Amino acid sequence: MKLLRLVYLGGLLACPFALRAQSTDTLQLKEVTVLGMSPTQYLEGATLRKLDSTRLENAWGRHLGEVLATQMPVYFRTYGNGMLAGISLRGTSPQQTAVLWNGVSLQNLSHGQVDFSLMPAMAFGEVEVVAGGGSSLFGSGAIGGAVLLGSPNYSGPMLRLTQSVESFGRYQSSLHVATEHAGVQWLSTLYHHQAENNFPIPGSQLRQPHAAFRQYGMVQHMHTKGPGGYALEVDYWYHWADREIQPVEGSTGPGDTQRDASHRLIASLQKKENTHATTFRLGYVHDLLAFNGPRGVVGRWLAQTSLERPWWGGNLHLQGEWNHLTGRIPEYGTPPPTEQRADLALAYRRGWGQSFDVSFNLRQPFVSGFSSPMLPYLGARWTPWQRVGRSLSVRGNVARNFRAPTLNDRYWPEVGRLDLRPEVSLGAEGGLVLAIKNHTLEALRFWQRVDDWIQWTPIGNRWTPENLRQVVAEGWEIRGVSNFQWAGMRMHTVLGYQFTQSLITRAAPYEQQLIGKQLMYTPLHSGNASWQASWKGWGVDTHWQYAGKRYTNTDNSELFALPGFMVGDVSVSRRWPLCKARTQASFQIRNVLNHRYQLYAGRALPGRHYALQIQFLLNTPSKKP
Amino acid sequence: MNYLPLFKKCLWAALALIVITACDPDPIQSPYDYTEGLWVANQGAFGSGNATVTWYHPAINASVEDMFSLANGAFAGDVLQSVTRYQGKAYLVLNGSNKLVEVDPTTFRESRVLTHVQLDKPNHLAVAEGFGYLSVWGPYDEYYSLTDSYVLQLDMATLEIVKKIETAPGVDKMLAIGSRVFAAVNNFGSGNQVVVINAADGEIEDTLELSDGPAAMVADAQNKLWVLCNGAWGATSGKLFRIHPVSLEIEQEIEISGKPGGQMAISPSGDVLVIRIGARVFVVPTDAQTLGDELFTVPGSPTITALGMDAQGKIYVADAKDYSSVGEVLIFNQEGTPVGSLSTGIVPTQILFW
């Protein structure tokens, strides 16, 4: 038996030589370079999570944060139902995740965050999350990762009308229309969302006061191809929101209100030739925020140009970007502060056969007023074992990332500091991916150290931003995805778990007691699970989110910690044809266990509640090529 | 292999987990007598609804992190501004939650709650002649300036609002001496008034114009009113006034070189004041003509938010640290030597002795 094993092992070891011997008879195919790669293809070895488009279509009037929380281990600091939601990815703060829409950063440059409650899921066609640093590609803010958003991307003719009615006077309507005329594709999305939001506060006899909101907006996408390899794309997104700020549980009396209005416009002209592709983009982003009246506007003009071409057996992408910022915030005074930000970047990716891919990126940001670090990225994926329907891959990357101080950090009257340094991080991750037929199992380990963490602290009577702390965020993640078909039934299962330890490792002399403490609102344990099944027009869908105990103050007091929770939704849907149209009706039970939980201390969230959604689709849409 | 038993076990375990995690903890009966020792009122983190009241008994070195949540199963609310004791009850003024909560001080069980649209950022409560006088900031305008501040007269028997007494913007600290209630108008340092209210009918009797920023008031052993003014924004000096509570004459005015903090305490015997400039702590006899030298300097870089002195002359200094960590009360003896400390809730803002 032992001899047999030795023979078998010897055979295995001899295989590569045997295969190599055969290679002389093999026809060598020249590698074909594909131009117009998506940015994430230059992040070889990184963790990428693409949100299932079906999940987006059936998002039930949810905002993007609510959808992402059930799809991957990510935590949102949510200040109430439908209120401000800031993402916390891999143990970092909401300011440390970049959010890009069609390649344009959406981070509010005055406070540095993106409010996911202002991002209705139906406004997007593609959502991809890059977990871990990505500043070499996405610039400032991509320390915890990046969320990449694209406009809805159906080609016409198509019409989809969705209406949902939910508990607590919540209504959401959306209309998608795609047409094509004279070689120009148009896709229009209109949406409206409002809620009384007066839900019974779990564990109390009271109903939530002062939490109503209303949002509406439109997304317009235009795409045309001209002669000579030219293509023009224009995307415009307008979003308007007016809301009462949900007060702390048990509070009464007059409350705060907030109004947001954003315009985002990006025009892109691309010329594709056999040997290279060049792109030129112009854009404007206008963010208005009015809290209890006074209006602050941050405006940004941007221009980007890029060249992509084959080089040294791979793809090379060169990019230049310029941003001009103006912060018209009443507190900043006049004249409003302006900043120039520019970036030069290169990205290179090369594959050796089908088993080894490497990417290397380098970015040098320039921000008026301080020097920014150079941001390299090196990542690779190796697939040492590959058979029909089976493979085992090893992947990993190491990267340097950064976040520029916000306009508030630099220009807030009397306390803003122009001498603040940017936050800079060094991160690495590595993992294994095992794929067997339609099932994938992934395990990874990540580590990141963030230096010069900017913190507002009281100095005397004034809160002042300072480069105070160093934080090390590390952990591991395991994720399984299974697609299974049986007797005409299709099932899709996702299970994910993440352990995240995000500790303060260096602090100012007067806050040494914080060293070794876990960051606030960063659960050690988080997870998600979802299961979808469809059979003959029927569908069952359930999503679950788990987050362990979260500390709500810097020194990890148990008294103020929020207990762990597990919440889930269950829905049943039925789809049937109606003339040339397809109609789908769905019923959902949310927080099915009626769990009392909070995502931010003191802000109530509803118990069990219900939603009904009807969708009418004329002509089956086909995705853009 | 038969997987059914294992499947059943897993199902029961999952069910048990759901039941356990779905339960809310019940309130707990404390073994301590809260009417001994001292209380520390803690604001909590702004906007997080986690105000607490810490109890500490120095003689037995026992403490309770939060009497309120222990007794009631939840935090009192958002931004506890002050606690006032009156006739066997304690009243918690919650500035962020816009409510006044009455508790039994022996158990800290909540007994009554006052909420009303007129409670828009309430601050401090003083009680005299059976009426409570509650200072209320009122709304901000669009530039976060206060425009409509007032004092609410409350019937303490019914806990109902009787009357609204208009004041200048920014009315804050309240103090009852005899049949008068004194209301300090601070308005972030730009106010300079102390409003004198007749406690019996709620009418304004007089308005004293002192110096910028009346920030703290105490009554001494002779029932004289002491007012600490810590100056406007950016000021480099302050003033300490002694006022006769009946004639309302300013009897003494002490210049303070350096901007004092907005806290002042008085010994239980009423003959020694405690104030601070930065981290320097001064102990000032009520018959002193000047501030004198500091007794000691609090080590480190404390964020001092409350002061106190017990019957043994020990001085208590509350440190809010970064306004997000739990705070600490540092205890010093009469010579200014540290003799102990006490962990509190977030942002300790008032120290009360029994």
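**Exercise 1. Where in chain A is the place of Thr522(A), and is the residue buried or exposed?**

Before starting, note that this is a predicted model, in which local features need pLDDT of at least 70 and side-chain atom pairs count only at pLDDT 80 or more, while totals for chains, interfaces and linings use all residues. Residues are numbered from 1 along each chain as its sequence is written, chains are lettered from A and ligands numbered from 1 in the order in which they are written, and side-chain values use heavy atoms, with hydrogens and water left out.

*Solution.*

Step 1. Thr522(A) sits in the loop between strand S25 (489–506) and strand S26 (525–535) of chain A; strands are DSSP runs of E with at least two residues, numbered from the N terminus.

Step 2. The relative accessibility of Thr522(A) is 3%, so the residue counts as buried (buried means under 20% relative accessible area, exposed over 50%, partly exposed in between, with a 1.4 Å probe and protein chains only).

Step 3. Leaving aside residues up to four places away in sequence, Thr522(A) touches Ser88(A), Gly91(A), Thr500(A), Ser502(A) and Arg550(A), where contact means heavy atoms within 4.5 Å.

Step 4. The side chain of Thr522(A) also reaches the backbone oxygen of Met520(A) at 3.1 Å.

**Exercise 2. Describe how chain A and chain B meet, beginning with residues and area and ending with the salt bridge.**

*Solution.*

Step 1. In chain A, 36 residues are in contact with 34 residues of chain B.

Step 2. The area buried between chain A and chain B is about 2800 Å², and carbon and sulfur atoms give 56% of this; buried area is the accessible area (1.4 Å probe) that two parts lose on being put together, summed over both.

Step 3. On the side of chain A, the residues that lose the most area to chain B are Thr252(A), Leu559(A) and Phe560(A), which together make up 20% of what that side buries.

Step 4. Between the two chains the count is 10 residue pairs in polar contact, both at pLDDT 80 or more (a polar contact is a pair of N or O atoms within 3.5 Å; within protein, one must be able to donate a hydrogen and the other to accept it, and residues adjacent in sequence count only if both atoms are side-chain atoms).

Step 5. The count of salt bridges between chain A and chain B is one, and the side chains of Arg469(A) and Asp322(B) meet in a salt bridge at 3.8 Å, N to O; the term requires a side-chain nitrogen of Lys or Arg within 4 Å of a carboxyl oxygen of Asp or Glu.

**Exercise 3. Which residue has a cis peptide bond to Pro335(A), and where does Pro335(A) lie?**

*Solution.*

Step 1. Thr334(A) and Pro335(A) are joined by a cis peptide bond, with omega about -5°.

Step 2. Pro335(A) lies in the loop between strand S17 (314–328) and strand S18 (338–352) of chain A.

**Exercise 4. Describe the surroundings of His210(A) and Asn187(B), each of which has a positive phi.**

*Solution.*

Step 1. His210(A), with phi near 55°, is placed in the loop between strand S11 (184–195) and strand S12 (213–225) of chain A, and its relative accessible area of 22% makes it partly exposed.

Step 2. Asn187(B), with phi near 50°, is placed in the loop between strand S13 (180–185) and strand S14 (193–198) of chain B, and at 16% relative accessibility Asn187(B) counts as buried.

Notes:
Helices (H or I, at least four residues) and strands (E, at least two) are DSSP runs, numbered from the N terminus.
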